[in-house]
There are 2 protein chains.
Amino acid sequence: MLVESYREMLGKKSVIRELSEFATARGKEIGYENVFDYSLGNPSVPVPKQFTEEMIRLINEDDGTLHGYSPSLTLPEVRQAVAESLKKRFGLPYEADHIFMTSGAAGAIAHAVRLIAAAGDEVLTFAPFFPEYHPYVDLTGAVLKVVPADTETFQINMDAFRSMLSERTAAVLINTPNNPSGVVYSDGTLQALADTLREFSAKYGHPIYLISDEPYREIVFDGREPSCPSRFYDNTIMCYSFSKSLSIPGERIGYVAVNPACEDAKVLIQMCGQISRGIGHNCPASIIQRAIVPCLDITSDLSVYERNMNLIYDTLRDLDVTVVRPGGTFYIFPKAPEEDAVAFSKKALNYDLVLVPGDSFGAPGFFRMAYCIDTEKVERSLPVLRKFITETYR
Amino acid sequence: MLVESYREMLGKKSVIRELSEFATARGKEIGYENVFDYSLGNPSVPVPKQFTEEMIRLINEDDGTLHGYSPSLTLPEVRQAVAESLKKRFGLPYEADHIFMTSGAAGAIAHAVRLIAAAGDEVLTFAPFFPEYHPYVDLTGAVLKVVPADTETFQINMDAFRSMLSERTAAVLINTPNNPSGVVYSDGTLQALADTLREFSAKYGHPIYLISDEPYREIVFDGREPSCPSRFYDNTIMCYSFSKSLSIPGERIGYVAVNPACEDAKVLIQMCGQISRGIGHNCPASIIQRAIVPCLDITSDLSVYERNMNLIYDTLRDLDVTVVRPGGTFYIFPKAPEEDAVAFSKKALNYDLVLVPGDSFGAPGFFRMAYCIDTEKVERSLPVLRKFITETYR
């Protein structure tokens, strides 16, 4: 007798994955270079040489301890290095005891939700949102509630947000820079969010935690600095991943960083160790934990993403497509020229353009383009995009 | 409001960990080489050179795909290689679709339990048992029930087992070669276990799954071949780890292998992918998955463990301590010369002998020695052990 909650999940196929599989199959027919595959958010830039050199150094200089067990709260020297980097960069007094290394942002968010939310609780997030938030929340027994998008700006729809906060709200989950919109929350948005959380925490007599999903933190455009939601609100659990900043998504490395001013900050980190015991995951791979230490304050060369964004954005504007200009990430989230973005996306396939409808992100009528591909391919795709939209909608 | 189930776990300190911390602290006083630390099951032999060479080769020959995402069911070429190795070694028709790569046996067991057991279900295991089975089972809502030990042989106490099987039994969890007893289940034991599971599956009208925890599979003594419980019972979920066979416990790599004859075998593997989504763990590190491929049919030089076992076993026998001779692992589990093994273990500390009482393994009155240490140190410890037991109990 298999456990039904997992078995039922098998029926629900991911639209993104289906489109990606289409792109791969179509690539076998006409050559993948001729499929304009904007489906997957898979980083495309090389790994920084510091990461590779550190891996080699660790292996060559192994004294027999390199591949040993990590302690249950992950490697102390790595936690220390992450704390120092965060402290230096964002000015909050992080210590090793506020850091827990995880298998990417996925592991970090799933831990953060388990710290705070259980059956009977609600976690709020804002459309458009990353659909994997559902399994992280659903399997704790809590309920994920989605605040409708402010489709003009993709900042926060504050009226809708306030009306959805309740006694049951255990946590609010944000993602800035945002997948799929590419939008970066302004300081004004973060301030208003923090003020609202303080107001409603007081009203309901319990802290409402902010879980801040930040895998795209370092991919910001127009020369702006990465922002830090934790600076606006004490009860913030930062969830970070090195997948995008270092282009190592398969190595599954990230962290939970609890704001030092958070209630029970160090207890939360100790609880992360217990969550890991229960899921049998324990720690990220030792060598990967160690290898990111010299890379904490660097990134891959991420400039291609901004270049691609500008090319696509300018073309969309020229075609009179409604679109909010991304402030970061490698996504853009335009309004489809017809109401049904699923139908739009199907028609695009006739042009070998693989675009993901926004429905699964909680924003029907929009579509996502993941432009973590070569600029050369972006350039070749633009006349095709132009042809598709002109022929079909103009 | 923090989730209490995890918070409560913080209070329960592990006896093994406390003793290990004592050993470390005492080591700082008198030199760690003078502390006879038999507390931790941390493999001590070098990593095989094939593993290290493959890591270097993968890094040097990376075409930009090495660190990319694994598919949600883990890397297909790795699953294929594991299936072929198991098929060749154990004669069961494994295919890639029966394999799911995990973060060690911990991840494998936690996944296996989640496949089968939820609130209202029972999972049976046999004393003496690895205490971490508790978090794997408890956090699913199911209940872990421990069948009392057959302390004469540490094989299975079949009468007690039969009396504890019930309609609620979803799975039976075994560990052979066994931590902490070092005992390997005989073919007769495995046959009787399988017959009983078939009988009771039929009686209750649902399959009772066998979850087989096999991290010590390759550490067997007296020239015997590793055994394979899956060959005795179709509905077996094998849980393996490379931590001990390759001495890479920190790299968190193992697998679930569902017996091809198991009901819904391939569905179970697909469900593993969904479990991973929910816990945010996804896949083991890509480079580690890849690096074990040339190491599937090899091990580190494990001969030190058998040498150590023989030295300790002979001394214990000579001291008239009751002990079952281990058939594998790097553990031995003698009867304490007084009824209270906790008191015995405390007295041993006066001799700088760090021995773990059997209570947390579900076998009070016994104690565990983890002899994954240098033979030189074992040799130095034996006169001390002799002195302790003679002075205290003879």
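By what turn and what shift along the axis can chain B be laid on chain A? A turn of 180 degrees and a shift of 0.0 Å along the axis lay chain B on chain A with an RMSD of 0.0 Å, the superposition being by least squares on the C-alpha atoms of residues with pLDDT of at least 70 in both copies. The two copies are thus related as by a two-fold rotation axis.

The model is predicted, and local features need pLDDT of at least 70, side-chain atom pairs count only at pLDDT 80 or more, and totals for chains, interfaces and linings use all residues. Residues are numbered from 1 along each chain as its sequence is written, while chains are lettered from A and ligands numbered from 1 in the order in which they are written.

At the interface, 58 residues of chain B are in contact with 58 residues of chain A (contact: C-beta atoms, placed from the backbone, within 7 Å). Helices H1 (4–9), H3 (49–60), H5 (104–116), H6 (133–138), H9 (265–279) and H10 (286–291) of chain B each give two or more residues to the side that touches chain A; helices (H or I, at least four residues) and strands (E, at least two) are DSSP runs, numbered from the N terminus. Because 100% of the interface residues of chain B are also interface residues in chain A, the copies meet through the same surface.

Within chain A, an open sheet of seven strands follows the order E2-E8-E7-E6-E5-E3-E4 with mixed pairing, where two strands pair if DSSP finds at least two bridges between them. Strands E2 (99–102) and E4 (143–147) of chain A stand at the edges with a single partner strand each, so one side of each lacks a neighbour in the sheet. Strands E3 (residues 122–126) and E5 (residues 169–175) of chain A pair in the parallel sense over four bridges, and Glu122(A) has Thr169(A) in E5(A) as its bridge partner. Helix H5 (residues 104–116) of chain A packs on this sheet, and its direction makes about 160 degrees with that of E7(A) (axes are lines fitted to C-alpha atoms, for helices over the stretch in contact, and angles run from 0 to 180 degrees between N-to-C directions). Helix H9 (residues 265–279) of chain A also packs on the sheet, touching E2 and E8 of chain A.

A further open sheet of chain A has three strands in the order E9-E12-E11, with antiparallel pairing. Two bridges join E11(A) to strand E12 (residues 367–370) of chain A, and Pro357(A) stands opposite Phe367(A) in E12(A).

Key. Contact = placed C-beta atoms within 7 Å.
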